[in-house]
Amino acid sequence: GGLVPDVAKSLTDQVLRRVRDVHGLAHSRDLARTILSHAQRLINSLLGIVTTSTTFTTYPHQQFYQISGLLTGSDAITKVMAVKEDSRDLTHLINIRQLHHLDTRWVRAIGPRFDAWTQLGRDMLIIYPAKTVGSTVTIVGAKLTTALTGEDTALEMPNEYHDHIVSLAEIMLLAKQRDLTQAVRQLQRLSHALKTDTIPPKLHVGDHPAIVNAGTVTPPKQ
């Protein structure tokens, strides 16, 4: 079951209609489709809807890892979303400052298991603490979605996110044609729509899981 995924032709028609260029005179269909390709990748990188996972080798006494190899190729990722040891999620720290607050001697820390991770720049991953033996983790990332190379190429993100993709492509085309007032207006609309979709799916209030629905958090009844 499930919906048949939209193909590039459908979204190309939509975005050209929105910028009042149905026949592709100001913007070719190829250009519109290329921009939709980039838009899908950007939206997926932000929301992390289409993911891929890979086993990553770790080494004794090492916390810093180059992940540039994960950022290229057919199964590339655009953003690390989670690092797991076996099935256990490591704590995601936003930056090195948080790691320093956790442990001022973190650089030399050795432990029996991994506890946390953070990303440094685009292609460096820090896994804390180091172990004395070689091991593995699973890296889960937002997938670099397939380029829309033809009119019948299917989008990888589910259909309910396609309005975001069309909206972002519309903004890019409006900016290209110097219609900046309308581009800003659509950007504000898209930003508001995306806020709803970037609410974390799991929040906790005290020891109780909270119920998250359409951006509102309702603590369970005591």
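**Exercise 1. The packing of α2 and α4**

Helices α2 and α4 are oblique to each other in this model, which is a predicted one. Show how this description follows from the packing angle of α2 and α4, and then describe the residues that make the contact.

*Solution.* Start with the geometry: α2 and α4 pack at an angle of about 125°, and their axes lie 8 Å apart. Angles of 65 to 115 degrees count as roughly perpendicular and those over 145 as roughly antiparallel, so the pair falls under the heading of oblique. The next step is the sense of the crossing, which for α2 and α4 is right-handed. From α2, the residues in contact are L31, A32, I35, L36, A39, Q40, L42, I43 and L47, while α4 contributes H164, I165, V166, L168, A169, M172, L173 and K176. Sorted by class, this contact of α2 with α4 has 14 nonpolar residues, two polar residues and one charged residue.

**Exercise 2. α1 against its two partners**

Characterise the packing of α1 with α4 and of α1 with α2, giving for each pair the orientation and the make-up of the contact.

*Solution.* Take α4 as the first partner: α1 and α4 pack at about 45°, with 9 Å between their axes, and the two helices are therefore oblique. Their crossing is right-handed. On the α1 side the contact is made by L11, Q14, V15 and R18, and on the α4 side by H162, D163, I165, V166, S167, A169, E170 and L173. These residues of the α1 and α4 contact divide into six nonpolar, three polar and three charged.

Turn now to α2, which packs with α1 at an angle of about 105°, the axes again being 9 Å apart. Because this angle lies in the range of 65 to 115 degrees, α1 is roughly perpendicular to α2. Here α1 supplies A8, K9, L11, T12, D13, V15 and L16, and α2 supplies R29, A32, R33 and L36. The contact of α1 with α2 comprises six nonpolar residues, one polar residue and four charged residues.

**Exercise 3. The nonpolar cores**

Which residues of the largest nonpolar core touch the most other members, and which elements give two or more residues to this core?

*Solution.* The largest nonpolar core has 26 residues, of which V15, L36, I43 and I165 touch the most other members. The elements that give two or more residues to it are α1 (8-18), α2 (29-47), α4 (162-176) and α5 (180-197). Among these, α4 provides the largest share, with seven residues. To follow one member through its surroundings, consider L36, which touches L11, T12, V15, L148, I165, V166 and A169 when residues up to four places away in sequence are not counted. A second core, separate from this one, has 15 residues, including Y65, V80, I127 and V137.

**Exercise 4. The surroundings of W117**

Is W117 buried or exposed, and which residues does W117 touch?

*Solution.* First locate the residue: W117 is in strand β6, which covers residues 116-120. Its relative accessible area is 1%, so W117 counts as buried. With residues up to four places away in sequence left aside, W117 touches V80, M81, A82, V83, L90, T91, H92, L93, L125 and I126. One of these pairs can be given a distance, since W117 and L90 are 27 residues apart in sequence and 6.5 Å apart in space, from C-alpha to C-alpha.

**Exercise 5. Backbone details in three loops**

Where do P129, H61 and R178 lie, and what is the backbone feature of each?

*Solution.* P129 lies in the loop between β7 (124-128) and β8 (135-143), and the peptide bond leading from Y128 to P129 is cis, with omega near -15°. H61 belongs to the loop between β1 (51-58) and β2 (64-66); although H61 is not a glycine, its phi is positive, at about 60°. With a relative accessible area of 56%, H61 is exposed. R178 is found in the loop between α4 and α5, and its phi, near 65°, is likewise a positive value in a residue other than glycine. The relative accessibility of R178 is 66%, and R178 therefore counts as exposed.

Methods
Residues numbered from 1 in each chain as written. Predicted model: local features only at pLDDT ≥ 70, side-chain atom pairs only at ≥ 80, totals over all residues. Heavy atoms only, no water. Core = buried A, V, L, I, M, F, W, Y, C linked by side-chain atoms within 4.5 Å. Buried < 20%, exposed > 50% of the residue type's maximum accessible area, 1.4 Å probe, protein only. Helix = DSSP H or I, 4+ residues; strand = E, 2+ residues; numbered from the N terminus. Contact = heavy atoms within 4.5 Å. Axes fitted to C-alpha atoms, helices over the stretch in contact; angles between N-to-C directions. Parallel < 35°, antiparallel > 145°, perpendicular 65-115°, else oblique. Left-handed = near helix turned anticlockwise from the far one by under 90°. Nonpolar A, V, L, I, M, F, W, Y, C, P; charged D, E, K, R; others polar.
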